[in-house]
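Here's a quick tour to read with the structure open beside you. Take it topic by topic and find each spot as you go.

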Amino acid sequence: VQLQASGGGLVQAGGSLRLSCAASGRTFSGYGMGWFRQAPEKEREFVAAVSGSGGKKVYADAVKGRFTISRDNAENTVYLQMSSLRPEDTAVYYCAATGTYYYDEVYHTQDSDYDYWGQGTQVTVSS
């Protein structure tokens, strides 16, 4: 499975960005997808996850109400819409895919739940 993340960049505080992650190499729908981020000198942390159907989602408290995860199974792509960005959102953002079928569940909130990772895309929020 290959995951290609894109959409990062430099944005001012209060602005918005949309990250995309295109998947290839296996059936996309039915498997859980997630976004994580890693800031300099910090551990990678969970941001958001979506079920295989796209119907269930879960967010980290730090981004709840500001970020929205979604997926288009016809396009094999998962998105992260980020709004009201803050300087503390600055990080490399990674998309990830589970090897377990999570069609209608969102239990996959830990690094260890994921088998495949994208290369990361940098998001920088200036104050």
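Let's start with strands β3 (residues 17-24) and β8 (residues 77-82), which pair in the antiparallel sense over 6 bridges. Keep in mind that you're looking at a predicted model. From this pair we'll step out to the sheet around it, then move on to β9, and finish with two loop residues.

**The open sheet**

- Zoom in on the β3–β8 pairing and you'll see that Arg18 has Gln81 in β8 as its bridge partner.
- Both strands belong to an open sheet of 4 strands, in the order β1-β3-β8-β7, with antiparallel pairing.
- At the edges sit β1 (2-6) and β7 (67-72), and each of them pairs on one side only.
- From one strand to the next, the twist averages 15°.
- As background, strands of a sheet pair through backbone hydrogen bonds, and they can do that in a parallel or an antiparallel way.

**Strand β9 and its partners**

- β4 and β9 run antiparallel and are joined by 7 bridges; here, Tyr31 has Tyr101 in β9 as its bridge partner.
- β9 also pairs with β11 (residues 121-126), in the antiparallel sense and over 3 bridges; Tyr93 is matched with Thr121 in β11.
- Then there's β10 (residues 116-117), which pairs with β9 over 2 bridges, again in the antiparallel sense; Ala96 stands opposite Trp117 in β10.

**Thr98, a residue in β9**

- Is Thr98, which lies in strand β9, buried or exposed? Its relative accessible area is 0%, so Thr98 counts as buried.
- Which residues touch Thr98, once you leave aside its neighbours within four places in sequence? Among them are Arg26, Tyr31, Gly32, His108 and Tyr116.
- The side chain of Thr98 also reaches the backbone oxygen of Thr100, at 2.7 Å.

**Two loop residues with positive phi**

- Most residues other than glycine have a negative phi, so positive values are worth a look.
- Glu41 has a phi near 65°, and you'll find Glu41 in the loop between β4 (31-38) and β5 (45-50).
- Glu41 counts as exposed because its relative accessibility is 86%, and the cut-off for exposed is over 50%.
- Ser84 has a positive phi too, near 50°, and sits in the loop between β8 and β9 (91-101).
- With 41% relative accessibility, Ser84 counts as partly exposed.

Methods. Residues are numbered from 1 along each chain as its sequence is written. This is a predicted model: local features need pLDDT of at least 70, side-chain atom pairs count only at pLDDT 80 or more; totals for chains, interfaces and linings use all residues. Side-chain values use heavy atoms; hydrogens and water are left out. Two strands pair if DSSP finds at least two bridges between them. Axes are lines fitted to C-alpha atoms, for helices over the stretch in contact, and angles run from 0 to 180 degrees between N-to-C directions. Buried means under 20% relative accessible area, exposed over 50%, partly exposed in between (1.4 Å probe, protein chains only). A polar contact is a pair of N or O atoms within 3.5 Å; within protein, one must be able to donate a hydrogen and the other to accept it, and residues adjacent in sequence count only if both atoms are side-chain atoms. Contact means heavy atoms within 4.5 Å.
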